[in-house]
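Here are my comments, as numbered points. Please keep the structure open while you read them.

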Amino acid sequence: MSHREPLTPSSLPGPVWVVSPHPDDEALGCGGLIAALSGAGQEVWVLLLSDGGLSHPNSQTYPRERLAGARLAEWRAGLAELGVPGARTRALGLPDGELHACAGAIAGGALAAFREAPPGTLLLPWARDPHPDHRAAWAPLLSAARAFPAVRRLAYTVWLEERGESADHPRPGETRPLTLDVRPWLAPKRRAILAHRTQLGLIADDPHGFTLPATLVERALSGTETYHEVLTQEVPA
Ligand SMILES: [Zn+2]
């Protein structure tokens, strides 16, 4: 493993914006850092891109609209556990699974949100995190961030460790890896993840429905979060 410098949350300029393609990505990928920042009085805002409405397409009890509503409520409840009030959340409601077709809406929606509280730091899903919606978010989010030339851009990962191939990992020169010991904030991080009940077995009537893998949840609660500070605009998704 390459050398990784420790991340000091208080060194990140605020406001800190976190962008989440789906409700739960922010809890899994950076719940500890969000709790640390909130606890230190830093202003954290969170932008949700998709409606999360694709996880249980065959459920009768949770048709898409109900599911999307439930996921939005879970997302806000989870963020409250991390110290982020609803007033500092924004949701674009774009179609889950189709972010590849939403580049303009992501860039425009993110820019409008960021202008409400111009970001000093942006946490966004890594360019090659192995989920199509996460990859689709990269270019439009970097595009929106260009309006704030001094912003620090830290990529977080959700699926990279479980599902990534070697080419998906950051290459030399693309990023500077940083780690954060999140053991002091594991309790709120756990509560934030567990708030996503629809992703943890609540919906029983769709045999093909999505459930967060136990390995992913365990790693998210292992006590370390890794970030990749973006060093260049030239990172292919
Ligand atoms: Zn996701």
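1. Start with Ser-50. Its relative accessible area is 1%. The cut-off for buried is under 20%, so Ser-50 counts as buried. Bear in mind that this is a predicted model.

2. Place Ser-50 in the fold. The residue belongs to strand β3, which covers residues 44–50.

3. Which backbone atoms does the side chain of Ser-50 reach? One is the backbone oxygen of Pro-21, at 2.8 Å. Another is the backbone nitrogen of Gly-52, at 3.2 Å.

4. Look at the surroundings of Ser-50. Neighbours within four places in sequence are set aside here. Ser-50 then contacts Pro-21, His-22 and Pro-23. It also contacts Gly-93, Leu-94, Pro-95, Asp-96 and Leu-99.

5. Now turn to the zinc ion. His-22, one of the contacts of Ser-50, gives the zinc ion a donor atom, ND1. Asp-25 appears twice among the protein donors, each time through OD. His-134 donates through NE2. These donors lie 2.1 to 2.4 Å from the ion.

6. Check the geometry of the site. The angles among the 4 donor atoms run from 56 to 144°. A tetrahedral site would need all angles between 85 and 135 degrees. The zinc site is irregular.

7. Follow the donors along the chain. Their spacing is H-x2-D-x108-H. Asp-25 sits in helix α1 (residues 25–39), and His-134 sits in helix α4 (residues 132–145). The two are 109 residues apart, so the pair links distant parts of the chain.

8. Are these two donors buried or exposed? Asp-25 is buried, at 2% relative accessible area. His-134 is buried too, at 0%.

Conventions: Residues are numbered from 1 along each chain as its sequence is written. This is a predicted model: local features need pLDDT of at least 70, side-chain atom pairs count only at pLDDT 80 or more; totals for chains, interfaces and linings use all residues. Side-chain values use heavy atoms; hydrogens and water are left out. Donors are N, O and S atoms within 2.8 Å of the metal (3.2 Å for Na, K and Ca); water is not among the atoms, so sites may look incomplete. Four donors count as tetrahedral if all angles lie between 85 and 135 degrees; four count as square planar and six as octahedral if opposite donors are over 155 degrees apart and all others between 65 and 115; anything else is irregular. Helices (H or I, at least four residues) and strands (E, at least two) are DSSP runs, numbered from the N terminus. Buried means under 20% relative accessible area, exposed over 50%, partly exposed in between (1.4 Å probe, protein chains only). A polar contact is a pair of N or O atoms within 3.5 Å; within protein, one must be able to donate a hydrogen and the other to accept it, and residues adjacent in sequence count only if both atoms are side-chain atoms. Contact means heavy atoms within 4.5 Å.
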